[in-house]
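Biologist: Before we discuss this protein at the bench, I should like to go through its model with you. Please show it to me.

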Amino acid sequence: MKRSPKRPPPQIGPLANNPSNRSAKKTLSVDSPAFTPATLSVPSKSSAISSQAVNAAPFTPRGLASTVTPIPQAETEPATFNPAQIKEFTPQQTYDISTNPPANGTAPDAQMPYDPFSMSSVADAMPPAPYNPYLQADNSAMPSNGAAYYQTQPSFAAPAQPLQYHLYAPIGPHREDLTPYQRTVHDFFIPNSLREDLQRKSEATRQVMPNSGLPRLEKEKYHSLVPLDTNNNKSAAVFGFPSWVYKAQKEDGKYYVLRRLEGFRLSNAGAIGRIKEWKHIYNGGVVSVINSFTTQAFGDSSLIFVYNYHPMSKTLAEHHFSPTNRYAHRAPANEQVLWSYIVQIASAIKAVHGNNLAVRCLEASKVILTEKNRVRLSGCAVLDVVQFEANRPIHELQQEDFLHFGRLMLSIAANNQHISINAKVSIEQLLRAYTPDFRSAIVWLLTPAHVPTTKNINDFLASISSHLVSSYDASLHANDALNTVLAGELENGRLFRLVTKLGLINERPEYDGQEKWSEVGERYILKLFRDFLFHARDPVTLRPQVDLGYILTHLNKLDAGSKEEIRLISRDEQDCIIVTYQELKKQIQLAFAELSKPATVVKGGRY
């Protein structure tokens, strides 16, 4: 805010009437124009320098070049800054902020070969931005010339997917000053990492594509097909036919994986019978085979294999061979992780070989990672049906399983998916990053057995027995951690059932006229306890008491039936009742038993 200058006070007395004083007052007034000095008189001669002299050319003496020895000039000084030479900037009257200004150094009508700020191709491939519930600004009232810089927020739509996981994250740092008997709120619930992982899997399981164009398998009762392939490339390198993977739901409500072989014609009905042998395999490292059938619902003759569904799983090829930086390079895998893979896959091979079968598809693209360092063999039984007429000996196929197993682990260790070209070089390089035990295990798998002897999976497991113990110990620790989380959820379930009973008992409109449920009946204390528990106020600030510890403490005492007495006060503060938790628990049991009592059906109606 600008403040106006103060005027001098008026002069009173004889000085005010003096003409010379009035002239001085007028000359020195603050409202007078700016002071401009008059021409100064010089004793010898008078001269005045005009303000335009600043633009005059520099003085150069004449006639001195021939009589005076030239003096060497110093370095040329930069030109003196002259603000009078700068033109005043005048904006165009038709300037619009929405128009794109010309690039630096180009004419206004010049067109660039491309628009570096254009994201149309990327924007078309990206999904629309989800609704932002925290956006408070209203962009609708902005002028139209800012539309190029401020995008309007779309209207609210119920956000179905993806879930807002950040709403469940803990707020604030972890406290370290708690005593051993104190707990934070998040100690009573499932850890956030595990909860978020389970929620993502639940969301992926219930994901649907209404306009996918995929058929409904009416005969086999599968519907709601969702493709699980991460790319659209047709590859027949493993099975000899292009294969596709879908998630489907059956009419019984369960979810399965359908692996489809495109363009396969079944020539021998006995090939499907090999599926029965795979149904007997029940191992944690093998994805269970459910069924197999042929169909023409996709517009061709397709062979379908049905497996159990593991949501949010990815193949070892996607996990270990996909680039993670701009140099398309990924760090080598940890040796402990590789030993975990070896133990799990070896256990799966033992189960398969024990049933006189062979895996035959130990490829990085057919081994899935369902949990952290938890692998399973998928795609089993496919080659047994597709190559049924080849009728190869089972012991020959089992020996090939060891070779494929060794190539798989060597490719992950060497970070090279196409390891079969220079396998010997990669084996020699293993000692740079891994122990001799790991190298010996890979060499044993890749070395063929001398005829007539054969290799056995039991011999391999015996050679890595020390790592079997380490892997088993890690699984025990993981099991203990999950049991601890489950125990906490058990307590939460107990208290939830108690709160549910209170919600079902209180404020029953059909019992308003009955004495037991009135304010003079025995159930009245349950209503007062509900207010005591959930409608409590802070005694100092009189604000609502939002304290989870307060609620949990009284619910635990109620569930235990403690003989501790509490004082219950009505909302109008006219009634005050002193009861024990034991009496409250008894009334809850009686009231809930009355609600759970089956209705008596008599002739003429239901009472």
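Biologist: How many disulfides does a search of the whole structure find?

Modeller: This is a predicted model, in which local features need pLDDT of at least 70, side-chain atom pairs count only at pLDDT 80 or more, and totals for chains, interfaces and linings use all residues. Residues are numbered from 1 along each chain as its sequence is written, and side-chain values use heavy atoms, without hydrogens and water. A disulfide is a pair of cysteine sulfur atoms within 2.5 Å. Across the whole structure, the number found is zero.

Biologist: Why does Cys 380 form no bond with the closest cysteine sulfur, and which residue holds that sulfur?

Modeller: Cys 380 is buried (under 20% relative accessible area, with exposed over 50% and partly exposed in between; 1.4 Å probe, protein chains only), at a relative accessible area of 0%. Its sulfur is 4.7 Å from the closest cysteine sulfur, which is too far for a bond; the residue holding that sulfur is Cys 361.

Biologist: Which helix gives the most to the largest nonpolar core?

Modeller: A nonpolar core is a set of buried Ala, Val, Leu, Ile, Met, Phe, Trp, Tyr and Cys residues joined through side-chain atoms within 4.5 Å. The largest one has 67 residues, and those with the most contacts inside it include Leu 338 and Phe 405. With 10 residues, the helix that gives the most is α7 (a DSSP run of H or I, at least four residues, numbered from the N terminus).

Biologist: How many of the residues of α7 are buried?

Modeller: The helix covers residues 335–354. It is mostly covered, and the buried residues number 16 of its 20.

Technical notes:
Helices (H or I, at least four residues) and strands (E, at least two) are DSSP runs, numbered from the N terminus.
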